Amino acid sequence: MQPNKCDLIIKGSYILTQNEERELIKDGAIAVSGKIISAVGKLSDIEQNWIADKTVDCGKSVLMPGLINSHTHVPMTLMRGVADDLPLLEWLHNYMFPIESGLTKDLVELGARLGCAEMVASGTTAIFDGYMYEDVVGKAVDETGMKAVLGEGFFKFPSPFFKTAQDAWDTIEALHDQFAEHERIKTSVTPHAVFTTDPDQLAESMELAERLDLLWQIHAAESVPETKLTLETFGKRPIEILKDYGLLRERTRLHHCVDVTDEEIGWIKGSGTMIAHNPQSNLKLGSGICPLTKFIAAGVNAGLGTDGAASNNNLDMFDEMRTAAMLQKGFLRDPEAMPAQTVLDMATLCGADFLGFKDTGAIKSGMKADIVAINMDKMHLKPVYNPLSHVIYSAGGQDVCLTVCDGEVLYRDGEFFSVDVEIISREAEKAVEWALKRLESR
Ligand SMILES: [Zn+2]
């Protein structure tokens, strides 16, 4: 029988498929035609049945689905390290907001380009973002070759970015129109948080999400001080407000959910709302620990996110997976509380559901070719008993040697094929002076 033709064959020592059986293939290969995975299997079978224009042999490696970052603010790379060791509200009001109110489109684009390059090089192929000037974040995502759900953030009006609610709705709709036909980019409605908006605005923004059929994302119940502030302002807890205003829905995505009661977890589950877990940001800001195992036991879909680079301070999803696994074990004094497989599911399949991308998160035929490879030929990844263990507990983003999104090779062995990281890095250095000036003029 004549072999089939495909565009690309990727070879690796192991494939963590993330298919229904969570199958691990030893000495495997993936055939890619255009943007789609045509076949996955043993190298010998793939080579017998497929001929490719191009072959990428990753050598001693683990191939796995591209990681999905369910919560980030990608332009915040420019604020990495500008203010650390502060509680959430002080960090936001005294540092982030004064800097951010002076952001220009050019700076947001620069930060986004830096963040996208960082993520591509550390194995992330899709992100759920929220920030200002998301039209240029979309430009950076598009140029890098990744996937994203973009959300133009808004605060109580008037804000430095929008005088009126209508201004915000118009911008959100324009963003939607701009990317309506884009295959890799979708948009969402993105109020910042319950305590930085007001419930009527939230309800109005949900109407917009319904009309445009968009996901609706918000930071919610991130810390105890946030709950206190929300109680003082509105007489209710953050999740309670969302429930009472009918904002817990299937299209709702909640970030953090650290300070939540069992009853609130029940409401979130009952409504089909999904959550994103951001363990490193929660730890760094001293926000606390999300009762993640309760959410998972209740059947809530939970993605995993880094949050912005100013509260993490990197965008490395391998680092985040390791923390997610360790944190629940230590918190609950139970090493079985958060198995490696559950964490990898969060960063792949659950993330795909969270972003609303139905054709990514697993390596199987018919899915989009969103594939990354870990170089296992490193001291800290030897010997190999169980590749999944290394991916969660031993590897880091710096071990990624290949990133493919929609069948395009974006990154290989330190080389970027879609962006010029030298220019991006040089420009990013210049942002320091600007940010410090903003803080001086507070
Ligand atoms: Zn956030």
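## Leu 388, a buried leucine

Let's start with Leu 388, which sits in helix α15 (residues 387-394) of this predicted model. Is Leu 388 buried or exposed? Its relative accessibility is 12%, and buried means under 20%, so Leu 388 counts as buried.

What does Leu 388 touch, once you skip its neighbours within four places in sequence? The answer is Leu 16, Ala 340, Gln 341 and Leu 344. You can also look back along the chain to Ala 373, 15 residues away from Leu 388 in sequence. The C-alpha atoms of that pair are separated by 13 Å.

## Helix α13

Some of those contacts lead us to another helix. Helix α13 covers residues 340-347, and six of its eight residues are buried, so the rest of the structure largely encloses this helix. The buried ones are Ala 340, Val 343, Leu 344, Asp 345, Met 346 and Ala 347. Ala 340 and Leu 344 are also contacts of Leu 388.

A handy thing to remember when you look at helices: an α-helix has 3.6 residues a turn, so residues three or four places apart point the same way.

## Strand β1 and its partners

Leu 16, another contact of Leu 388, takes us to strand β1, which spans residues 4-16. This strand is mostly covered, with 10 of its 13 residues buried.

Which way do β1 and β2 (residues 24-33) run? They are antiparallel, joined by eight bridges, and Leu 16 has Leu 24 of β2 as its bridge partner. With β4 (residues 50-57), β1 pairs in the parallel sense over seven bridges; here Cys 6 stands opposite Ala 52. Strand β5 (residues 61-65) also pairs with β1 in the parallel sense, over two bridges, and in β5 you'll find Val 62 opposite Tyr 14.

## Two domains

The domain assignment splits the protein into domain 1 (4-65 + 370-414) and domain 2 (67-355). Notice that domain 1 is written as two stretches of the chain. How far apart are the C-alpha centres of domain 1 and domain 2? They lie 29 Å apart. The domains do touch: 24 residues of domain 1 are in contact with 28 residues of domain 2.

## The nonpolar cores

Nonpolar side chains tend to be buried together in soluble globular proteins. Here the largest nonpolar core has 117 residues. Those with the most contacts inside it are Trp 91, Ile 239, Leu 242, Leu 254, Ile 275 and Met 321. Helix α3 (residues 105-121) supplies the largest share of this core, 10 residues. Both domain 1 and domain 2 add at least three residues each. There is also a second, separate core of 20 residues, with Ile 25, Cys 58, Cys 401 and Val 409 among them.

Want to see one core residue up close? Leaving aside neighbours within four places in sequence, Ile 239 is in contact with a list of residues that includes Ala 220, Leu 248, Leu 254, Val 260 and Trp 267.

## Strand β8, fully buried

How many of the eight residues of strand β8 (residues 147-154) are buried? Eight of the eight are, so the rest of the structure largely encloses this strand. In a regular strand, side chains alternate between the two faces of the sheet. In β8, Lys 147, Val 149, Gly 151 and Gly 153 point one way, while Ala 148, Leu 150, Glu 152 and Phe 154 point the other way.

β8 has partners too. Strand β7 (residues 124-129) pairs with β8 in the parallel sense over three bridges, and Ile 127 stands opposite Ala 148. Strand β9 (residues 185-191) and β8 pair in the parallel sense over seven bridges, with Phe 154 matched to Pro 191 in β9.

## The zinc site and Ser 223

Which residues coordinate the zinc ion? They are His 71, His 73 and His 219, each through NE2, plus Asp 307 through OD, at 2.1 to 2.3 Å. Along the sequence, the donor residues follow the spacing H-x1-H-x145-H-x87-D. His 71 and His 73 are both buried. The angles among the four donor atoms run from 84 to 177°, and the site is irregular.

Last stop: Ser 223, in the loop between β10 (215-220) and α7 (224-234). Ser 223 counts as buried because its relative accessibility is 3%. Beyond its neighbours within four places in sequence, Ser 223 is in contact with Leu 88, Asp 259 and Ser 287.

How values were computed:
Residues numbered from 1 in each chain as written. Predicted model: local features only at pLDDT ≥ 70, side-chain atom pairs only at ≥ 80, totals over all residues. Heavy atoms only, no water. Buried < 20%, exposed > 50% of the residue type's maximum accessible area, 1.4 Å probe, protein only. Helix = DSSP H or I, 4+ residues; strand = E, 2+ residues; numbered from the N terminus. Core = buried A, V, L, I, M, F, W, Y, C linked by side-chain atoms within 4.5 Å. Domains from an automatic or database assignment. Contact = heavy atoms within 4.5 Å. Donors = N, O, S within 2.8 Å, 3.2 Å for Na, K, Ca; no water. Tetrahedral: all angles 85-135°; square planar, octahedral: opposite > 155°, others 65-115°. Pairing = 2+ DSSP bridges.
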